[in-house]
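Here is a friendly walk through one chain, moving from its surface to its core and then to its charged pairs. Keep the viewer open as you read.

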Amino acid sequence: MAGGAPNPNGRPGFFRPQADINVTPLVDVMLVLLIIFMVTAPLLATGVKVDLPQAKAAKPLDPKEPMVVAIDRDGKVSLGSEQVDRADLIERIKLKIGDDLGRTIHLRGDKDAAFGQIVALMDELAANGLTHIAIVTDSRKDKAASTELRQ
């Protein structure tokens, strides 16, 4: 007898339709795509090798160091490593940076300094056109390690 399991309508020789999805071809296609991407990804990252022309007048770019302004817990202000009067701070910064008002200023405030003093200093800098201000902090990892060492 040629056939299989009878159909629900009772006719022998006919198979019931299979209702599951065959995932084997899907897995095969995905593995081929994975291999293709693994082979081509390093080639895309390297770029094209070019032989650059030589120029005699070219100068290397001068990376600009940020200006560091620090305020300690007593409200004393320092520009770099030297302590300055708060009234002279803006003039000293502008003297060092010249016309480059887009230069970044790193503001380092002591954790015990009054918040109002730090905000007032930021406001004074911004009012004088020095708007690229970055507040410097310690990372939490370093802080956790230092507290563990103290204990």
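## Surface and overall layout

The chain has an accessible surface of about 12700 Å², and carbon and sulfur atoms account for 59% of that area. Please keep in mind that this is a predicted model. Of the 151 residues in the chain, 13% are buried.

Four helices and five strands make up the secondary structure. Read from the N terminus, their order is α-β-β-β-α-β-α-β-α. Among contacts with a separation of 6 or more, 55% are between residues 24 or more positions apart.

## Strand 1 and its partners

Strand 1 is a good place to begin, with a partner in strand 4 and another in strand 2. With strand 4 it runs parallel, and five bridges join the two. One residue pair to look up here is Val68, whose bridge partner in strand 4 is His106. With strand 2, strand 1 pairs in the antiparallel sense, over three bridges. Ala70 has Ser78 of strand 2 as its bridge partner. The hairpin of strand 1 and strand 2 has five residues between the strands, and Gly75 there takes a positive phi near 90 degrees.

The two faces of strand 1 also differ in cover: Met67, Val69 and Ile71 form the covered face, while Val68 and Ala70 form the uncovered one.

## The nonpolar core

In soluble globular proteins, nonpolar side chains tend to be buried together. Which residues of the largest nonpolar core touch the most other members? They are Val69, Leu79, Leu89, Ile93, Ile105 and Leu130, in a core of 17 residues. At least two core residues come from each of strand 1 (67–71), strand 2 (77–79), helix 2 (89–97), strand 4 (105–109) and helix 3 (115–127). Helix 2 gives the largest share, with four residues.

Leu79 makes a nice example to inspect. Leaving aside residues up to four places away in sequence, Leu79 touches Met67, Val68, Val69, Val84, Leu89, Arg92, Ile93 and Lys96.

## Three charged pairs

Side chains of opposite charge can pair when their charged atoms come close. How many salt bridges does a search of the whole structure find? The search finds three, and they are listed here.

| Basic residue | Acidic residue | Closest N to O |
|---|---|---|
| Arg73 | Asp112 | 3.5 Å |
| Arg92 | Glu82 | 2.2 Å |
| Arg86 | Glu124 | 3.5 Å |

Take the salt bridge between Arg73 and Asp112 to start with. Arg73 sits in the loop between strand 1 and strand 2, and Asp112 in the loop between strand 4 and helix 3, so this pair ties together parts that are 39 residues apart in sequence. Arg73 is exposed, at a relative accessible area of 51%, and Asp112 is partly exposed at 44%.

Next come Arg92 and Glu82, which also form a salt bridge. Arg92 belongs to helix 2 and Glu82 to strand 3 (residues 82–84), so the pair ties together parts ten residues apart in sequence. Both residues count as partly exposed: Arg92 has 28% relative accessibility, and Glu82 has 34%. Arg92 is also among the residues touched by Leu79.

The remaining salt bridge joins the side chains of Arg86 and Glu124. Arg86 is in the loop between strand 3 and helix 2 and Glu124 is in helix 3, so the pair links distant parts of the chain, 38 residues apart. Arg86 is partly exposed, with a relative accessible area of 27%, and Glu124 is partly exposed as well, at 25%.

How values were computed. Residues are numbered from 1 along each chain as its sequence is written. This is a predicted model: local features need pLDDT of at least 70, side-chain atom pairs count only at pLDDT 80 or more; totals for chains, interfaces and linings use all residues. Side-chain values use heavy atoms; hydrogens and water are left out. A nonpolar core is a set of buried Ala, Val, Leu, Ile, Met, Phe, Trp, Tyr and Cys residues joined through side-chain atoms within 4.5 Å. Buried means under 20% relative accessible area, exposed over 50%, partly exposed in between (1.4 Å probe, protein chains only). Contact means heavy atoms within 4.5 Å. A salt bridge is a side-chain nitrogen of Lys or Arg within 4 Å of a carboxyl oxygen of Asp or Glu. Accessible areas come from the Shrake-Rupley method with a 1.4 Å probe; for residues, only the protein chains shown count as cover. Two strands pair if DSSP finds at least two bridges between them.
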